[in-house]
Structures are given as structure tokens and as C-alpha cells.
Amino acid sequence: MPALTPDPGRADPHRHQAAAAFLMTLPEPWTLGPIRAHRLAPELLERCDLTGWRLDGRLRRRLTLHPEGVRDYGAVLTARIRDLRAPGAPREAKPRAACSRCGSLRSLVHGRTVCVACATAPPAPPALHQAELAAEVRAALRTARRAS
Ligand SMILES: [Zn+2]
């Protein structure tokens with residue numbers, strides 16, 4: 001006799017029950033009635049599977065944050081479940097700009113494009129400008145010769 005394989009399109013009834021129970025036991029005023037809880041349970045399970053959340057106290061706290069100003073708790077809860085991201089996922093990690101002088105990814109000085117190390121480093125040693133200085137001296141000599 002072939003083993004019963006669970007229908008992949010259908011949530012395990014035990015998990016569905018657990019998800020509905022989770023929603024019906026959220027702290028007031030977030031507690032959902034059975035109809036809404038059963039309707040929302042498949043979505044909750046799907047988001048949990050996608051993001052790694054589990055039906056635990058951490059998720060309960062996450063979903064019931066900031067109740068002040070909320071009028072329709074069920075609607076807010078639904079939106080929060082649909083918007084669940086992996087726990088601890090960084091918020092919109094902004095690509096870091098490289099220092100315009102040394103190219104490192106160290107933190108830049110506020111409002112500038114150079115890193116702290118470059119901003120506080122002593123000015124470049126004159127050796128770096130030697131070629132420029134030599135050209136200047138040669139130009140000055142040429143002018144002096146022409147003038148004489
Ligand atoms: Zn730098």
C-alpha cells in the first residue's frame with residue numbers, strides 16, 4: 001500500500017490549527033476571532049515558511065508591536081503577516097560609499113566623501129608633488145632666461 005504523501009498545495013491540518021490557535025491567542029486587543037484566524041492561518045504559515053519565523057513568543061511580540069493608534073487590529077495584523085521578513089534581516093542595507101581618496105570602505109566623515117583616516121591624515125608629503133615642482137622650476141628658469 002503506498003504511503004500517504006501530504007498534498008503540497010494544502011497546509012498540514014495540524015499546522016493550520018496551530019497557526020489559527022496562535023492568532024486566536026494573541027494578546028488583547030490583537031486577538032482574532034476564529035473566522036479571521038482560520039482565514040489568515042495559511043498566509044501566516046506561508047510567510048513563516050518563507051522567512052523562517054516560528055509560531056513563538058518572538059513572532060507574537062513582532063506582530064503586536066505598537067498597538068497605539070491602530071483602529072482595525074485584524075487588518076493591521078494581516079498586513080504585518082504579509083510583510084514579514086526574515087527575523088533580524090537588516091533594514092534596507094545601504095551600499096557603502098568608498099572613500100574618494102583611498103577607496104576604502106571605512107566610515108566616511110559626515111557630509112564628506114573621505115574616510116576618517118584620510119580626513120585626519122597629515123597632508124600628502126611634498127615628495128608626491130616633486131614632478132610638479134620640477135616643472136614649475138623649469139618654467140621659471142625659462143622665463144628668467146628669456147627676460148635676460
Ligand atoms: Zn580614505
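Where does His66 lie, between which two helices? The legends below take up that loop after an overview of the predicted model.

**Figure 1. The whole chain is built from helices, with zero strands.** Welcome to the overview of this predicted model. Six helices are present, and from the N terminus on the order of elements reads α-α-α-α-α-α. The chain has 148 residues, of which 11% count as buried. For contacts between residues at least 6 apart in sequence, 44% link residues that are at least 24 apart.

**Figure 2. Ala21 sits in helix H1.** Helix H1 covers residues 13-24, and Ala21 belongs to it. Ala21 counts as partly exposed because it has 13 C-beta neighbours inside 10 Å, where 12 or fewer would make a residue exposed and 20 or more would make it buried. Have a look at Pro34 as well: its C-alpha atom is 8.4 Å from that of Ala21, with 13 residues of chain separation between the two.

**Figure 3. A cis peptide bond joins Glu28 to Pro29.** The omega angle of this bond is near 5 degrees. Pro29 is part of the loop between H1 and helix H2, the latter spanning 34-51.

**Figure 4. His66 has a positive phi without being a glycine.** Here is the residue from the opening question: His66 lies in the loop that runs between helix H3 (57-63) and helix H4 (73-82). The phi of His66 is about 45 degrees. His66 is exposed because 7 other C-beta atoms lie within 10 Å, and a count of 12 or fewer is what makes a residue exposed.

How values were computed. Residues are numbered from 1 along each chain as its sequence is written. This is a predicted model: local features need pLDDT of at least 70, side-chain atom pairs count only at pLDDT 80 or more; totals for chains, interfaces and linings use all residues. Helices (H or I, at least four residues) and strands (E, at least two) are DSSP runs, numbered from the N terminus. Two residues are in contact if their C-beta atoms, placed from the backbone, lie within 7 Å.
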